[in-house]
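Colleague: Could you take me closely through one part of this model, the surroundings of the annotated modified residue and the sheet that goes with them?

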Amino acid sequence: MAPNLKILILEDNESDADLLKRELKKSGLNFTAEVVQTRSTFENALDNFDPDLILSDYSLPSFDAAEAFQIKHNKHPDIPFIIISGTIGEENAVELIKAGVTDYISKSKLFTLSTKINRALNDMQARKEKLITDEKLKFINQELLELNQELEARVAHRTEALAESESRFRSMMETIPQIAWTNTIKGEVVFYNQRWYDYTGFNDQQTSALGFKAVVHPDDLKIGFDQFSSILKTGNGGEFQIRVKRADELYRWHLIRLMPIMDQQGLMQLWVGTATDIQELRLLQQYKDDFIIIASHELKTPITSLRGSLQFLDRIKDNPPSGALSKLIVQANRGLEKVNTLIEDLLNSSMANQGQLHIRQHHFNLSEVIKDCYQDIIKDGSYTVNVEGDMQVEVFADHVRIEQIVVNFINNAIKYAPESKEIRICIDKKDGIVKVSVIDQGPGIPPEKLRYVFDRYYRAESSGSHYTGLGLGLYICSEIIKKHHGQIGAESELGKGSTFWFTLPAESI
Ligand code: ADP
């Protein structure tokens, strides 16, 4: 059964009200009706009876339907309001409907009452449902709007955080001394740090047009490419060595290192690559390898000759030919002396390297110590040594070590400049600094080699050269001078000769 409908009837004429009720009953509606006639009872019923529908006569003695409608409309805008009258006229009816009245029925056509009530109730229901739907839609829209705003804020925040982390990452890559870059997962380079541009001399256009390939040594291209691809495939990172061309066209060895960068989920984001200049390290490695070959050779030569002398001595010991014994002893001593010097050099160099080269300083006359250094050399008359300059100068130094340096310079002049028969030694004193130079007129040293002659193990001549030596002499000299707070250096011109010099403070320190 349909729910009980509460109908408020505003009618001053009792028989008209009854007529209405009868008509309502006839239509089969399940309803309760309350009839009111005045404004106050109408207002009261609106609050207390709580009607679902209002049927109102058009003209009433105390107030009319238009006023009643307004009262209802202010309080309960949704309750349908139908005017029933025989006197209203078409024009008024249209006006009232425009103002919001639900419908109009002529008293002479009460048979349409139920149809109009049903339509009004349905309309109201539809309006209510639409209101609810609108309300829900409004709510959903609001939620969507908030969600959208939140998402936008999150995206903006994330973009900002990403930009910030990227810029931090890039600044970090600018602080390291190596060439650095980033690759996509597939290996494309997306960013190079400033060091790349400084080292290669490339600008942005050259970098994107030529890339890394253009600076890799042609002999290292294949190995570089193979290693790079295999590192990308494994995804674990790795390293390899290739030669990379500098802006001045010189190739230098570099250690290429590629490391994957993962996100928080462990997914690979990009590759970070660095190229570290290992030219000096490779050279040192090369020197060391050469050194081991040379040192073994250098030690073997005097030992072989010593062994020869001893074997010969053993054979003739019972009946030695005259003069043979002393000759063999001199020969054996020379061999021993050579071994001793080599071992001294090795010891000095390793002590110097560990900062354990000790010096014992005292005051002495420099020219006198220098003179002692070449007495043996000039004895056989093959060479002349001339000392010039300030013969009175006194220094505060370790005279044994200073002698060692001068002897080394003179021996090198003889060894590497054998055609230069005259060796000049200059002693200069200026502004509290004493400078000693040993000058030869030998073949000289090419500039690209000159800068390395004081390095440990360095020999300007190749390992196959006919000059013997361990490449330690000048290194030890430079360490001795460092201990004296002096300076050491060499100047040379190809075909004209070389000058090796050192300085010492003239006064005590
Ligand atoms: P060693 O003589 O044992 O090789 P040094 O340290 O004394 O080692 O010298 C280093 C290198 O410097 C030598 O191998 C040589 O090539 C170069 N050198 C030194 N003195 C001279 C010189 N007067 N003239 C030409 N080259 C020199």
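**The annotated aspartate and its sheet**

Modeller: The unreviewed UniProt entry places the annotation "modified residue: 4-aspartylphosphate" at Asp 57, and since this is a predicted model, what follows describes computed geometry around that position. Asp 57 belongs to strand S3, which covers residues 53-57. Asp 57 counts as buried because 24 other C-beta atoms lie within 10 Å, where the cut-off for a buried residue is 20 or more. Once its neighbours within four places in sequence are left aside, the contacts of Asp 57 are Leu 10, Glu 11, Asp 12, Asp 16, Ala 65, Ile 84 and Ser 85. Two of the strands described below appear in that list, since Leu 10 falls within strand S1, residues 5-10, while Ile 84 and Ser 85 fall within strand S4, residues 81-85.

The sheet itself is open and has five strands in the order S2-S1-S3-S4-S5, paired in parallel. At its edges stand strand S2 (31-36) and strand S5 (103-106), each of which has a single partner strand, so one side of each is left without a neighbour in the sheet. On average, and with direction ignored, neighbouring strands of this sheet are turned by 20 degrees against each other.

Turning to the pairing at the S2 edge, S1 and S2 are joined by six bridges in the parallel sense, and within this pairing Ile 7 has Ala 33 in S2 as its bridge partner. Helix H2, residues 39-48, packs on the sheet here, where it touches S1 and S2, and its direction makes about 150 degrees with that of S2. Helix H5, which spans residues 113-175, lies across S3, S4 and S5 and runs at about 175 degrees to S5. The strand that carries Asp 57 is therefore among those that H5 lies across, and in the strand order S3 is placed between S1 and S4.

To draw the picture together, the annotated position sits in S3, is buried with 24 other C-beta atoms within 10 Å, and has contacts that include Leu 10, Asp 12 and Ser 85.

Notes
Residues are numbered from 1 along each chain as its sequence is written. This is a predicted model: local features need pLDDT of at least 70, side-chain atom pairs count only at pLDDT 80 or more; totals for chains, interfaces and linings use all residues. UniProt positions are given in the numbering used here, feature names are shortened, and annotations may be inferred rather than shown by experiment. Helices (H or I, at least four residues) and strands (E, at least two) are DSSP runs, numbered from the N terminus. A residue is buried if 20 or more other C-beta atoms lie within 10 Å of its own, exposed if 12 or fewer, and partly exposed in between; C-beta atoms are placed from the backbone. Two residues are in contact if their C-beta atoms, placed from the backbone, lie within 7 Å. Two strands pair if DSSP finds at least two bridges between them. Axes are lines fitted to C-alpha atoms, for helices over the stretch in contact, and angles run from 0 to 180 degrees between N-to-C directions.
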